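Let's look at a protein together and ask how each description of it is earned. Take a moment with the sequence and the model first.

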Amino acid sequence: MKPPKKAIEYYDEFAPEYDKLAIDYYWFSPKVMFGMLFDKICPNQKLLDIGIGTGLSSEPFKKMGMEIYGVDGSSEMLKICKRKNIAIDLQKIDLENSRLKYEDEFFDMVIANGVLYFLANIENVLAESVRVLKHNGILCINFEELSDGINEEYRNISNCVISEKLKEKTGVVVYKYNIDYVKNIISKLNVTIKEVLRYFAYKSPTTKEDVYFTLLVLQKGGDR
Ligand SMILES: C[S@@+](CC[C@H](N)C(=O)[O-])C[C@H]1O[C@@H](n2cnc3c(N)ncnc32)[C@H](O)[C@@H]1O
């Protein structure tokens, strides 16, 4: 087993292959998230993509006329995203503990697709996401759900051993979260859970198992 490695470092190496492998391994999660938010999209509104990567999740929102802003820790992923001209602003930050460099209530929508499970502590990023969201704005997140027991840390053999070339570089730690743990964090923020969906997110290239995500659509404020 390789020593632990930060996901950001991993994605810096993996960036040139990301878009191709997303197709090869059925990374449908961007389409699912877009579909879940379709009726909440308004042209010219502002969307922040947390962990934007190469921009796969933001692209359809851009096509619908939204203004895209993105943050990510990997400069190589951000370089690819920049070339696609999806976002009007891209910033490099480590989501584990940083404050977002946007003012309060700046965004209409915030999304984080395939990102939270790299963070040991999701409290900061969720609090920051809600802070920058306008009242009634929408936050959409997903994570790998742990059905029983406590939150589990594990070596990702599905998401990270994604190509032969990188097989030997496994060692990124990812986290499965218990839904009650996530709901407990959310309950301390000013948001209401609007929708919950468990869905197929991608196929593991190594185990060939289907990987499922739990997605939450949250609204800032609103009736509980
Ligand atoms: C599976 S990719 C998802 C990219 C994009 N959201 C998509 O739907 O294709 C995970 C992204 O999270 C970023 N990431 C992982 N850990 C991070 C951290 N601690 N801070 C900032 N970005 C991080 C990686 O650089 C990568 O771009």
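Q: How do the residues of the lining of the largest pocket divide into nonpolar, polar and charged?
A: In this predicted model, the lining of the largest pocket holds 24 nonpolar, 10 polar and six charged residues. Keep one rule in mind when you check this: Gly counts as polar, while Tyr counts as nonpolar.

Q: Which residues are the closest to the centre of the largest pocket, and how big is its volume?
A: The volume is about 610 Å³. Out of 40 lining residues, Ala 7, Tyr 11, Gly 114, Val 115 and Phe 118 are the closest to the centre.

Q: What makes H1 stand out in the lining of the largest pocket?
A: Helix H1 covers residues 7–24 and provides seven residues, the largest share of this lining. Strand S8 (173–178) also supplies at least two.

Q: How do you know where the ligand sits?
A: A molecule is said to sit in a pocket if more than half of its atoms lie within 2 Å of the pocket's grid points. The space that the ligand takes is the largest pocket, so the ligand passes that test.

Q: Which residues surround the ligand most closely?
A: The shell has 22 residues, and the closest are Tyr 18, Gly 51, Ser 57, Asp 72 and Leu 95. H1 gives the most to this shell, with four residues. By class, the shell has 13 nonpolar, seven polar and two charged residues.

Q: Why is the pair between Asp 72 and the ligand called a polar contact?
A: The cut-off for a pair of N or O atoms is 3.5 Å. An N or O atom in the side chain of Asp 72 is 2.6 Å from an oxygen atom of the ligand, so the pair is within the limit and counts. Tyr 18 can be checked in the same way: one of its polar side-chain atoms lies 2.7 Å from a ligand oxygen. For Gly 73, a backbone N or O atom is 3.0 Å from a nitrogen atom of the ligand.

Q: How much of the ligand does the protein bury?
A: Taken alone, the ligand exposes 600 Å², and the protein buries 99% of that.

Q: What makes up the lining of the second largest pocket?
A: This lining has nine nonpolar, no polar and three charged residues. Asp 19, Lys 31 and Glu 59 are among the lining residues, and they count as charged because Asp, Lys and Glu belong to that class. H1, helix H2 (29–37) and helix H3 (59–63) each give two or more residues. The volume here is about 310 Å³.

Definitions and conventions. Residues numbered from 1 in each chain as written. Predicted model: local features only at pLDDT ≥ 70, side-chain atom pairs only at ≥ 80, totals over all residues. Heavy atoms only, no water. 1 Å grid on protein atoms, 1.4 Å probe; cavity = no way out; pocket = protein on both sides within 12 Å on 5 of 7 lines; lining within 4 Å. Points joined across faces, edges and corners; volume = space filled by probe spheres on them. Near = heavy atom within 4 Å. Polar contact = N/O pair within 3.5 Å; in protein donor to acceptor, adjacent residues only side chain to side chain. Areas by Shrake-Rupley, 256 points an atom, 1.4 Å probe, with all protein chains shown as cover.
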